[in-house]
Amino acid sequence: MNHGLILPILLPLFTGSALLLMRGASLPVQRGLSLLASWALLPLAIWLALLAGDGELRLYVLGDWQPPFGIVLLLDRLSAVMLIITALLAGFSVLYASRGDDERGADFHALFQFQLVGINGAFLTGDLFNLFVFFEILLISSYALLLHGQGPDRVRAGLHYVVLNLVGSSLFLLGVSVLYGLTGTLNMADLAIRVAAAPAEDAPLLRAAGFLLLVVFGLKAAIIPLHTWLPSAYSAASAPVAALFAIMTKIGLYAILRVFTLIFGGTGPLDGMIDDWIWPLALATLAIGAFGALAARDLRMLLAHLVIVSVGTLLAGFALGSAAALSASLYYLIHSSLVSGGLFLLADLIVRQRGATQATLRSAPALRQPLLLGAMFFAAAVSVSGLPPFSGFIGKVMLMRSAVDGPDIAWLWAVLLTGGLAMLIALSRAGSLVFWRANEDEPLRERADPVRLLACLGLLSASLLMVVYAGPLQGYLQATADQLLDLGPYLRLIPGGGA
Amino acid sequence: MEAFYAGTLGVMVASGVYLLLRARVFPVVMGLTLISYAVNLFIFSMGRLGTDTVAVVGSSETMGDPLPQALVLTAIVIGFAMTAFTVVLALRSMGEVGTDHVDGQEPRA
C-alpha cells in the first residue's frame, strides 16, 4: 500500500491545523508556510499522475479494512489530473493572496488549506459517504472564504450560497441513504456491482436516488436551472478566492462523471439514465451563460458567466459519452479551470487601476499600464472564447469532432459556435470599454504589483503550454477516458466482483 | 410503524420547505434545521425499523445495522456545525445589510 495516496489530504490538513495553532505568528511566517504547503502539492500531484499513468488502479485502504468494508481512497488517472489542476490553482491563488488580500480578515491561510483538504479528498475518495463528508469540508471552508474580507455584497451573496448548499447537502444525504438502504454498501465499486445486479422492483428507487445525486452535483456544478447562485457569489468573492473557486464547479462535474460512469454505468438497467436529461441541460446552460455574458454590466459578473458557459460545454461532452468526447472534455476542463482562474486574477489587477469605478463597465480613468494588462486581457479573451492559437480552440475543435450522430452534431455545433461568438462579443465590448474609453480623470499612480502579475501570468500561460504539449497531454487524457469507460478493473477491486 | 414514521418525516420536510420559502433569515434557519432532522431520521430508518434489534453482536435475536447509526452521527455533527454557521451569518447579515430579508433588501410593495 502506497502511503503517498493520502498525502494530498494530510498535507493541507496538518498545515491548516498548524496555522490555526500559530495564530499569533507574524503574517510573513503564515504566508511562507501556506505557500510552501500549497506549492508542495504540485510535485506530489505530478508524482501521483505519473504513478497512475501505468493504468493500474491504486487503493489506499484506511485502517486496513479491506473493501468493501471500511473506507478507501482510489487513485486513477482522472483523480490525478484533477489533483494537478487543484495544485496549480491553489499555488497561484495563494501567491496572489499573499500580497495583501489575506490581511483583510483572520485565518485566510488556514481556511485556504482546509478548502484544499476538502477538494483533494473529494477527488481521491472511493466511498460515497466520504464524498459527502469531503464536500462538507470544502463547502464550510468555501463559505468562510467567500465571506472573507466582509462587505454587504459578500454577505448577501454568501447567504444565498450557504442556504442553497445546505439544502443540497440534505438531498445528498437522502440520495446516499436510499442507495445504502437498497444495496447495503457505500463503496463506489461495490455499489456499481450491486446496482447492476439489483432486482427490477428496486430500479425505480435506485433511479430516484441517482437523480437526487444529479440534482446535488448539478447545484455544485451550476447547471441550469441551479446556476443562479454562481454569478453573484463569484463576483463578490475576493480575487484569489474566486480563482480557487474556478475548480469548485468542476468538482460537481467530476462527481457527475464519477458516479454516473461507475455506479450507474456498466451493464445494469440504469445505464445511461441521465443521458437524455443532461444533453438539453448542457446546451441550455451554455446558452444561458452566453446570454448572461452579453448582458453583464460588470467585468467580474461577465467572467462568472463565462464559467457557466464552460460548465455547459463540459456537460455536453459528458452527455456525448464516447471516449473521444470525454477526453476532449477533460482537455477543456483543464483549460477552462486555469484560464478562468487567471482571468479572475487579471480582472482584479485591472479593477485596482480603475479607482472608484471598480468593475462596473463604464468609462473610468485611464489604466496605469494599459499595454501590459491589455495584452494579457486580449490573449486570455482569445483563449477563453475558443479562437486559435490557444488551448480553448483545441479543446473546442476536439469536442466538436467527437460528436458523431446527425442531430447531435447540428445542435452542438450551432450552440457551441454561437456561444463562442457571444463570448467574443461580450469580451471585446468589455475590453474596448476598459482599455480605450478612458475619461479625463487623472490615472491612478499605483502600478500593478509584480508578484500579483506573476501569479496571473502563471495561470494564463497554462493556455499556451497546453497547446505546446497538446500531444502528450491528449495521450494521457485519452487513456483517462478509456480507463473511465472500462469498468472491469474497478469492479475487480472488490473481492468476487467483475467477471 | 413504517407508515407512521414516513408520515412524520413527510410532515417535517413539508414544514421545513414552507419555512425555507418564507424569505426571512430566522424562518429559513428553522426550516433548514427541520429538514436536516428529517433527513437524519431518514438515514436512521435505512437500517430498517424494528424493536429489540441492538447493534451489538449477540445481545439480541436479530442484529440491527450499526452503519446507519454511525452515518447519522456524522450527519448530526456536520448539520450542527452548519446550523451554527448559518446563525452567525444571519446575525452578520442583519448587522451589515440592515434587514433580515434573504435578498438583503425589503421586497418592493
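Visitor: What makes a pair of side chains a salt bridge here?

Guide: A side-chain nitrogen of Lys or Arg must lie within 4 Å of a carboxyl oxygen of Asp or Glu. By that rule this predicted model holds 10 salt bridges over all chains.

Visitor: Why is Arg23(A) with Asp107(A) called a salt bridge?

Guide: The closest N and O atoms are 3.3 Å apart. The cut-off is 4 Å, so the pair qualifies. Arg23(A) sits in the loop between H1 and H2 of chain A, and Asp107(A) in the loop between H3 and H4, so the pair ties together parts 84 residues apart in sequence.

Visitor: How do you know that Asp76(A) and Arg258(A) form a salt bridge?

Guide: Their closest N and O atoms are 2.8 Å apart, and the limit is 4 Å. Asp76(A) is in the loop between strand E2 and H3, while Arg258(A) is in helix H11, 182 residues away. Both residues are buried.

Visitor: What about Arg99(A) and Asp449(A): which is buried and which partly exposed?

Guide: The pair is a salt bridge, with its closest N and O atoms 3.0 Å apart. It links the loop between H3 and H4 to the loop between H17 and H18, 350 residues apart. Buried means under 20% relative accessible area. Asp449(A) has 17%, so Asp449(A) is buried. Arg99(A) has 42%, so Arg99(A) is partly exposed. Elsewhere, shared partners join Arg31(A), Asp102(A) and Glu103(A) into one salt-bridge network.

Visitor: Why is Ser93(B) called buried?

Guide: Its relative accessible area is 3%. The limit is 20%, so Ser93(B) counts as buried. Ser93(B) lies in helix H3 of chain B. Leaving out residues up to four places away in sequence, Ser93(B) touches Val155(A), Leu159(A), Gly98(B) and Thr99(B).

Visitor: How many salt bridges are there between chain B and chain A?

Guide: Zero. Carbon and sulfur atoms give 78% of the roughly 2700 Å² buried between the two chains. On the chain B side, Met82(B), Phe85(B) and Leu89(B) lose the most area, together 21% of what that side buries. In contact are 29 residues of chain B and 28 of chain A.

Visitor: Why does Leu424(A) count as partly exposed?

Guide: Partly exposed runs between 20% and 50%. Leu424(A) has 30% relative accessibility, so the label fits. Leu424(A) belongs to helix H17 of chain A. It is one of the residues in a nonpolar surface patch with about 520 Å² of accessible area together. H12 and H17 each give two or more residues to that patch. H17(A) gives the most, with three.

Methods. Residues are numbered from 1 along each chain as its sequence is written. Chains are lettered from A and ligands numbered from 1 in the order in which they are written. This is a predicted model: local features need pLDDT of at least 70, side-chain atom pairs count only at pLDDT 80 or more; totals for chains, interfaces and linings use all residues. Side-chain values use heavy atoms; hydrogens and water are left out. Patches are made of residues with over 30% relative accessible area and no salt bridge: like charges are joined within 9 Å, nonpolar side chains (Val, Leu, Ile, Met, Phe, Trp, Tyr) within 5 Å. Accessible areas come from the Shrake-Rupley method with a 1.4 Å probe; for residues, only the protein chains shown count as cover. Helices (H or I, at least four residues) and strands (E, at least two) are DSSP runs, numbered from the N terminus. Buried means under 20% relative accessible area, exposed over 50%, partly exposed in between (1.4 Å probe, protein chains only). Contact means heavy atoms within 4.5 Å. Buried area is the accessible area (1.4 Å probe) that two parts lose on being put together, summed over both.
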